[in-house]
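Let's take a walk through this one together. Keep the sequence and the 3D view side by side as you read.

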Amino acid sequence: MSNHAVLNPADHGELRIDTAASAELGDNVMACATVPAEFRSVQAHYPIVLRRDLATGKLEALALLGFETGENLFLRSGRWDAPYRPLSMAIRPFLIGRAPTPDGVGQVHVDLDHPRISRTGEGVRVFDASGQPTPYLEDIAAKLGDLDHAHRESADFFAALDRYELAESFTLEVTLDDGAKNSLVGYHTINEEKLSTLDGAALQDLMASGHLARIYMIIASLSHFGDLVARKNAKVAGG
């Protein structure tokens with residue numbers, strides 16, 4: 001359950017956040033949402049896959065962190081073992097709240113029941129002694145703003161993938177060093193054959209909108225499946 005509240009110094013002046021990385025702090029997820037605006041950073045470390053919402057039929061992008069539910073292979077000794085953490089993970093336990101109007105102004109909300117909320121008096125302060133945002137909160141607010149803007153603009157990217165029928169489903173079966181098999185099903189990636197046959201007008205459309213570069217970032221990110229398998233093998237071996 002979530003317990004969201006508008007963040008403010010009057011109610012949350014003493015709030016502290018545990019910024020370590022661990023399963024106990026809610027980081028035990030095999031995939032997290034990512035947005036096209038951060039693909040350049042994400043593709044440097046994680047495979048990017050697509051998933052279609054069964055209810056709406058709309059595409060979304062995910063950064064893969066593991067092969068099983070509840071598995072994050074980037075957790076190591078209380079830290080995140082990659083230079084870049086996807087925005088959807090980096091902003092926790094905060095989120096953008098917005099009034100239910102078209103021009104509602106975004107506000108920083110906090111999930112007071114999130115495991116990152118410190119119960120011990122330790123952790124990073126959100127407000128300083130005078131009630132002003134700390135550098136930590138300023139950084140979080142900037143990330144929230146970036147994520148909110150990126151999420152809004154992402155619809156055009158996914159619509160372009162559907163317009164040119166560039167998303168195709170795939171199944172990946174991985175055999176580990178100990179003989180165990182892990183399968184990934186229900187995801188999509190870029191249909192490279194379809195991409196290669198697009199005419200000049202379609203390519204110009206994708207290029208002018210910046211979508212083509214992000215499409216190739218998804219393709220490039222798939223090379224990290226090998227890295228993910230290596231992390232899984234190390235985990236199984238006790239490394």
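Is N182 buried or exposed? Keep in mind that we are looking at a predicted model. N182 is found in strand 12, which covers residues 181–190. Its relative accessibility comes to 8%, and buried means under 20%, so N182 counts as buried. Who sits around it? Setting aside neighbours within four places in sequence, N182 is in contact with F67, E68, L172, E173, V174, L176 and K232.

One of those contacts, K232, takes us to helix 8. K232 is listed among the buried residues of helix 8, along with F225, L228, V229 and N233. Looking down the axis of helix 8, you'd find these buried residues within an arc of 140°, so they line one face of the helix. What covers them includes strand 4 (48–52), strand 5, strand 11 (167–175), strand 12 and helix 7 (211–221). You can also check the length of helix 8 (residues 225–236): with 12 residues at 1.5 Å a residue, it should span 16 Å, and its end C-alpha atoms are indeed 16 Å apart. Just after helix 8 comes G238, with a positive phi of about 90°.

Strand 5 is worth another look. Strand 5 (residues 59–64) pairs with strand 3 in the antiparallel sense, over four bridges. Within that pairing, A31 has L64 of strand 5 as its bridge partner. The side chains of strand 3 (residues 31–34) alternate: C32 and T34 point to one face and are buried, whereas A31 and A33 point to the other and are not.

Now for a separate sheet. Strands in a sheet pair through backbone hydrogen bonds, in either a parallel or an antiparallel way. Here we have an open sheet of three strands in the order 1-9-8, with antiparallel pairing. Strand 1 (4–6) and strand 8 (94–98) are the edge strands, each pairing on one side only. From one strand to the next, the twist averages 45°.

Let's zoom in on the pairings. Strand 1 and strand 9 (residues 106–111) are joined by three bridges and run antiparallel. Here H4 stands opposite D111, and A5 stands opposite V110. On the strand 8 side, five bridges make the antiparallel pairing with strand 9, and L95 has H109 as its bridge partner there. Helix 4 (residues 135–163) lies across strand 8 and strand 9, running at about 55° to strand 8.

Aromatics next. Searching the whole structure turns up five aromatic pairs. F39, F157 and F158 form one aromatic cluster.

Finally, a few backbone oddities to click on. The peptide bond from R92 to P93 is cis, with omega near 10°, and P93 sits in the loop between helix 3 (87–90) and strand 8. S77 isn't a glycine, yet its phi is positive, near 50°. You'll find S77 in the loop between strand 6 (75–76) and strand 7 (79–80). With 77% relative accessibility, S77 counts as exposed. E165 is another residue that is not a glycine but has a positive phi, about 55°. E165 belongs to the loop between helix 4 and strand 11, and at a relative accessible area of 53% it is exposed.

Technical notes:
Residues are numbered from 1 along each chain as its sequence is written. This is a predicted model: local features need pLDDT of at least 70, side-chain atom pairs count only at pLDDT 80 or more; totals for chains, interfaces and linings use all residues. Side-chain values use heavy atoms; hydrogens and water are left out. Buried means under 20% relative accessible area, exposed over 50%, partly exposed in between (1.4 Å probe, protein chains only). Helices (H or I, at least four residues) and strands (E, at least two) are DSSP runs, numbered from the N terminus. Two strands pair if DSSP finds at least two bridges between them. Axes are lines fitted to C-alpha atoms, for helices over the stretch in contact, and angles run from 0 to 180 degrees between N-to-C directions. Contact means heavy atoms within 4.5 Å. The expected span of a helix is 1.5 Å times one less than its number of residues. The arc is that of the directions from the helix axis to the C-beta atoms. Rings of Phe, Tyr and Trp (its six-membered ring) pair if their centres lie within 6.5 Å; planes under 30 degrees apart count as stacked, over 60 as edge-to-face and the rest as tilted.
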